[in-house]
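Q: Could you take a close look at the cysteines in this model for me, and then walk me through the sheet as well? I'd like one connected account.

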Amino acid sequence: MSLSVEEEPLLEGALQAARDTRFLAVEAGVRHKTAEIFASLFGTTPALIVADQKTFVAAGREVQESFRIAGHELSKPFIFGPHVYAETPCVKELQKALEGVQGIPIAVGSGTINDLTKLVAHRLGRPYLAVATAASMDGYTAYGASITHYGSKQTFDCPAPKGVLADLDVIARAPRGMNASGYADLLAKEVAGADWIVAEAAGVEPIDPSVWATVQNRLRAWVDSPAGIARNEPASLRRLVNGLMMSGFAMQAAQTSRPASGAEHQFSHLWDMQHHTHQGTAPSHGFKVGIGTLATLAFYEALLRRDLGRLDVEAAIASWLSPRQVERRIVAIFGAGELADKAKEETRAKTPSLDELRAQLTRLRDGWPELRSKLVRHLTPFQKVREALRDAGCPHEPEQIGISRARLRLSYEQAYYIRRRFTVLDFAQRAGIMDSAVEHLFSARGPWPISASATENRK
Ligand SMILES: [Zn+2]
């Protein structure tokens, strides 16, 4: 096992607890040892590289060379063309190509190549190895593949890779913005953790202490040098990669993305589902999550200013929408269609009975002083997180990813409806304070003031 010295026990522990992954190496030059590591995991079974044109140049050729030197059989690489996306047609294309060829796949690439290979390997009943070419997201060591299926992003159940190699030399040369995206995806774990704290306090989803520790215990150290990410400094990149791998391990252990994904990811998923593009392309996952993180954090700060220990539970229950009113509201804010149907389905799955609603609100009200101080201790102030994103080279204003303030404002309610996971948005919705909290954020005193006339023109 090859691990960074400072965090060796931490990663080693996560690796031992992992269900699927048996090997992780985070080091400069490790791509040259791929054949040796492959043989230690899979013996003499032939290997098969999956890459795209760019990732093949970035690392695939040298991975191939390591097999040639070792005299290990390697099938002809499968190299995607320029239009490779994590979506169903590419899954089919890869599956068709791999079906007829012997070999355990080696995914050489980042999110897209890894997700495609993860799903296809699983469907073909084969394990796989991942060679990371960028620190762009936390999916390398995660359970499940995120694939767009008929226009909507879905997580398909499938095991994590048997081994992951992250070559810091390759990662330092990743295309501009990719490592910054991973930085934003990692920074997001703080608000994701806050949402888990709230879900536990509401009695909805208890925290698993060891999974929690995997992501949260060293999070501040992993994200403490944003400027180092912008400059591709090896020590900063190493901490970033370690943090992303640990987040993936936490999801692998939990078999859900809860430890690494809360309301901030819902903003990103919403914009994915709306097929949002900016200047002709979809902003990266991490960049959308970064803006979602700011949106969620600002929302938390608005809630933390209130005395929710005096929440009027019965008044909140009286204004709780009936299932029919909810469906009408969903159509009103999404328009009729697939997205509204998905939102109805997700919202139904998390709708409490009135007794459950009363129990959740009573717990949250009575536990507010303790919950509030936990959240205050846990969360980094909005201004600091915004600066960290800026220093790492990430968008830190919604307009930088093509989201207007008016759209961001509407996104709060939409993000609440599109996913069944309990987050701070559910807390606010149940307590009947969603609208007033959102209004504050876009008022003259909030982070994103909008003038009254702009509000009227919102789409
Ligand atoms: Zn993410």
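A: Happy to! Let's start with the disulfides: in this predicted model their count comes to zero. Cys90 shows the reasoning nicely. A disulfide needs two cysteine sulfur atoms within 2.5 Å, yet the closest cysteine sulfur to that of Cys90 belongs to Cys158 and lies 16 Å away, so the two are too far apart for a bond. As for its surroundings, Cys90 has a relative accessibility of 5% and therefore counts as buried. Cys394 is buried too, its relative accessible area being 5%.

Now to the sheet. Six strands form an open sheet, and their pairing is parallel. Reading across, the order is β1-β8-β5-β4-β2-β3. At the edges sit β1, made of residues 23-27, and β3, made of residues 78-80, each of which pairs on one side only. From one strand to the next, the twist averages 15°.

Within that order, β4 and β5 deserve a closer look. Strand β4 covers residues 104-109 and strand β5 covers residues 129-132; the two run parallel and are joined by four bridges. In this pair, Ile106 stands opposite Leu129 of β5.

Finally, a helix belongs in this picture. Helix α2, residues 34-42, lies across β1, β2, β4, β5 and β8. Of these strands, β2 spans 47-52 and β8 spans 163-167. Relative to β5, helix α2 runs at about 155°.

Conventions
Residues numbered from 1 in each chain as written. Predicted model: local features only at pLDDT ≥ 70, side-chain atom pairs only at ≥ 80, totals over all residues. Heavy atoms only, no water. Pairing = 2+ DSSP bridges. Axes fitted to C-alpha atoms, helices over the stretch in contact; angles between N-to-C directions. Contact = heavy atoms within 4.5 Å. Buried < 20%, exposed > 50% of the residue type's maximum accessible area, 1.4 Å probe, protein only.
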